Amino acid sequence: MKKSLSLALAVVAAIGLTVPASHAASSTIQLYISADTNIQDLWVKTLVPAFKLAYPGYDVNVTFDLHGDHDAQETAKITAASVLHKDPGVDLIDGGFTTTLGAAGLLYRPTPGLMPNIKDLNKTVLAAGKGGIPYRASSVLLAYNSTTVPTPPATLDDLLGWIKAHPGKFTYNVPSGGGSGYAFAQTVIDKYLSSADRATLVAQAAPELEAKWAQGLETLRQLNKYTYGQNGTYPANNAETLKDLATGLVDMGTVWSDQFSSALKAGTMPANIKVTAIKNPALTGGASYLGIPNSSTNKTGARLLANWVLSPVAQNLIVGGTLNGFPVIPLNKLDPKLVTAFAGVDILNLRAGYLSANANDLKSMWASTVPGK
Amino acid sequence: MISLRRKKNKEGSLTSQGGGPSLLGLGLSLPPLLIVLVFVGLPILIGLTFSLGFTTGPNRVIAIIGQQIHKKNHWWGTLSAYNDVIHDSRFLGDLGLTIFVTVLSTTLVLLLALSIALYQRLIGGRKAAVLVTLSIVPLFVPVVISAWAIHTFYGGDGFMKTFFTHFGIDFPTLTSTPSAIVIGTVWTSLPFAILMISSGLQAIPDALIESAKDCGASVFRVIANILVPLAKTPIIIAASFTSIGILGSFTIPLFLGPNQPTMLGVEISNFFGAYNRPQQSLVMAFIVFAIASGIAVLYVRSNIKSARESGRL
């Protein structure tokens with residue numbers, strides 16, 4: 001018994017040691033962020049300084065691309081580097097295109113042996129990344145004006161009924177323009193799918209299932225005359241939905257949990273706008289993924305940083321800071337004071353969005369069948 | 001050296017066929033020509049091969065990432081991606097809206113620019129100078145800013161709606177409609193057209209206008225028979241540049257237009273980014289390119305014609 005314990009300790013120590021051992025080789029981690037400024041702040045002002053305190057030998061060089069304007073070029077660059085076995089100049093990526101790279105088999109697949117903290121992650125969410133490492137999450141919620149809507153809908157059917165009873169008072173943004181509108185579209189489509197079909201669409205490219213989207217898309221098309229504007233036009237992005245809610249143009253809309261909390265804190269969202277989660281099915285939520293390109297020349301450093309981001313210390317920073325993100329590790333590992341905010345939301349079992357290839361097709365199909373039809 | 005060459009030129013013809021000057025001309029035009037060939041011509045060629053299903057070589061990377069990629073099945077490629085686009089239910093609507101906005105906005109821009117330029121030419125004075133200066137202001141406002149300004153002006157919670165509500169009038173919400181795209185494109189295209197046309201009208205000698213008036217020609221006759229025909233070349237240049245600019249516009253239709261149908265510039269970006277179908281987006285780009293080339297032919301023809309008339313060709 002003692003022997004096996006000491007052996008286990010030795011193994012743990014060895015894992016711990018392998019990481020700092022390569023300090024000298026490459027101590028600068030190239031981090032590429034493709035997101036909004038709130039994520040830039042999270043890394044530059046919070047996570048990176050804390051990481052450097054924990055690992056003084058390492059430096060993190062951040063490259064920031066606002067709104068992912070250069071996602072296509074960066075994807076092409078990393079793909080080309082991988083094909084040609086060259087250094088892509090990036091060791092760790094935080095951006096929406098991580099899952100695209102994962103689906104193309106261009107990401108390093110993390111193992112618990114080299115990244116112990118991934119054992120705390122939800123297995124389905126980790127598997128959906130295809131090499132992407134989930135490190136924070138957010139969910140789409142239903143925002144409503146509590147002055148005009150005293151009791152918000154509790155289920156999707158209730159919501160659809162409410163929309164028809166209050167013409168012009170609900171909106172969701174174009175699915176291709178932002179995740180909050182996309183979540184509403186996918187949720188309505190999922191209403192008509194079996195749970196097996198939903199699971200397949202989350203896990204793998206499944207063009208054969210896309211014919212089953214017709215009923216959901218028809219429901220969405222019929223909402224054209226009831227949504228804001230009543231002419232089948234929709235806000236271009238997440239921010240516009242938030243603005244429409246804040247200015248009182250609409251009484252209800254779908255919003256990202258973190259963007260809503262940040263707006264509330266910043267005072268750009270009036271206090272009478274509240275959020276709630278609906279059921280049967282719930283609006284989707286999802287993780288944001290980090291990715292280590294196969295071709296990265298500093299995988300050791302990238303693994304170290306990614307592993308640290310999954311530690312309770314870093315997860316507390318993600319939850320408690322200005323971002324108001326959801327954690328990806330069990331709540332009992334976090335600061336109990338921060339956890340109270342998540343009462344009523346099952347944050348480790350968020351209803352996942354489709355795999356990017358299916359999601360891209362859904363955005364395209366929505367655009368050809370819903371707006372203006 | 002140069003003075004020697006000039007002498008030689010004077011003796012020979014103006015378009016000189018002597019070795020020296022033509023080598024100098026070639027040397028001067030070669031760098032820009034090479035840049036255009038390498039950085040514009042080559043990517044267009046690569047893009048064309050990709051749209052035809054050549055998925056190896058320089059197109060290998062994008063073919064790995066993209067969805068719905070068609071690979072060539074003949075030595076010359078395949079037209080499957082073109083087929084996809086033409087049979088896509090969105091395409092005809094998008095093409096229709098693009099052409100509608102281009103034609104309507106260009107017409108409006110030309111009419112407005114012509115009226116301001118004629119006002120300056122025929123009446124002139126301080127007021128006209130101030131008017132022309134003011135009308136050029138949009139040239140110095142970035143398109144994104146003007147798009148948002150128009151959005152907040154005509155939006156559902158915008159100035160127009162709020163203002164008219166005080167008088168019990170329900171002003172229509174213009175954002176997310178083709179009308180908003182037309183307002184936006186006219187706003188951004190007007191300054192260049194005014195500069196072009198007013199300088200064309202300024203170059204017409206006063207003597208021509210006065211002698212026509214002496215012969216009893218009305219103002220409208222002076223405009224229709226003297227001013228407009230003599231300013232034809234700058235008007236055609238303004239028309240072709242404006243329409244090519246509107247044809248490929250992106251920011252204005254993205255911010256101000258309806259979700260669907262949308263202008264091809266926005267749809268190309270949707271297909272490339274959101275739907276991850278690079279081949280189909282390239283096909284649309286080539287269709288826009290073909291239309292723009294058609295407009296460019298008009299421009300080149302008018303240039304050649306005016307060069308012939310003035311004896312430069």
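**Exercise 1. Backbone of the β7–β8 loop in chain A**

A:Pro281 is found in the loop between β7 and β8 (285–291) of chain A, in what is a predicted model. Describe the peptide bond from A:Asn280 to A:Pro281, and determine the sign of phi of A:Asn280 and whether A:Asn280 is buried or exposed.

*Solution.* Begin with the bond itself: the peptide bond that runs from A:Asn280 to A:Pro281 is cis, and its omega is near -15 degrees. Next, take the residue that precedes the proline, A:Asn280, which also lies in the loop between β7 and β8 of chain A; its phi is near 55 degrees, a positive value in a residue other than glycine. As background, most residues other than glycine have a negative phi, and most peptide bonds are trans. Finally, consider accessibility: the relative accessible area of A:Asn280 is 58%, and because the cut-off for exposed is over 50%, A:Asn280 is exposed.

**Exercise 2. Further backbone features**

Locate B:Pro261 and state the geometry of the peptide bond from B:Gln260 to B:Pro261; then give phi of A:His85 and its accessibility class.

*Solution.* In chain B, B:Pro261 has its place in the loop between α13 (251–256) and α14 (264–272), and the peptide bond that leads to it from B:Gln260 is cis, with omega near -10 degrees. In chain A, A:His85 is found in the loop between α3 (71–84) and β3 (92–95), where its phi is near 55 degrees, a positive value in a residue other than glycine. The relative accessibility of A:His85 is 72%, so A:His85 counts as exposed.

**Exercise 3. Two helix crossings**

Classify the crossing of helix α9 (residues 214–222) with helix α15 (residues 356–369) in chain A, and that of helix α5 (residues 89–122) with helix α9 (residues 178–202) in chain B.

*Solution.* Two packed helices are described by the angle between their axes and the distance between the axes.

1. In chain A, the axes of α9 and α15 come within 10 Å and cross at roughly 45 degrees, which makes α9(A) oblique to α15(A). The crossing of these two helices is right-handed. On the side of α9(A), the contact is made by A:Leu217, A:Leu220 and A:Arg221, and on the side of α15(A) by A:Leu362, A:Met365, A:Trp366 and A:Thr369. Sorted by character, the residues of this contact comprise five nonpolar, one polar and one charged.

2. In chain B, the axes of α5 and α9 come within 7 Å and cross at roughly 40 degrees, and α5(B) and α9(B) are therefore oblique to each other. Their crossing is right-handed, and the residues of their contact divide into 21 nonpolar, six polar and one charged.

**Exercise 4. The buried residues of α11 in chain A**

Which residues of helix α11 (residues 257–266) of chain A are buried, and against which elements do they pack?

*Solution.* The buried residues of this helix are A:Ser257, A:Asp258, A:Phe260 and A:Ala263. The elements against which they pack are β4 (133–145), α10 (238–246), β6 (252–256) and β7 (273–276), likewise of chain A. Following the backbone onward, one meets A:Gly267 just after α11(A), with a positive phi of about 85 degrees.

**Exercise 5. The interface between the chains**

How many residues of chain B are in contact with chain A, what area is buried between the two chains, and which residues does B:His151 touch?

*Solution.* The size of an interface is often given as the accessible area lost when the parts come together. Counting contacts, 20 residues of chain B meet 28 residues of chain A. The area buried between the chains is about 2100 Å², and carbon and sulfur atoms give 56% of that area. Of the area that chain B buries against chain A, B:Ile65, B:Asp157 and B:Asn259 supply 24%, more than any other three residues.

For a single residue, turn to B:His151, which lies in helix α7 (residues 143–154) of chain B. With a relative accessible area of 7%, B:His151 is buried. Leaving aside residues up to four places away in sequence, B:His151 touches A:Glu240 and A:Lys243 in chain A, together with B:Thr175, B:Phe255 and B:Leu256 in chain B.

How values were computed:
Residues numbered from 1 in each chain as written. Chains lettered and ligands numbered in written order. Predicted model: local features only at pLDDT ≥ 70, side-chain atom pairs only at ≥ 80, totals over all residues. Heavy atoms only, no water. Axes fitted to C-alpha atoms, helices over the stretch in contact; angles between N-to-C directions. Helix = DSSP H or I, 4+ residues; strand = E, 2+ residues; numbered from the N terminus. Parallel < 35°, antiparallel > 145°, perpendicular 65-115°, else oblique. Left-handed = near helix turned anticlockwise from the far one by under 90°. Contact = heavy atoms within 4.5 Å. Nonpolar A, V, L, I, M, F, W, Y, C, P; charged D, E, K, R; others polar. Buried < 20%, exposed > 50% of the residue type's maximum accessible area, 1.4 Å probe, protein only. Buried area = accessible area lost by both parts, 1.4 Å probe.
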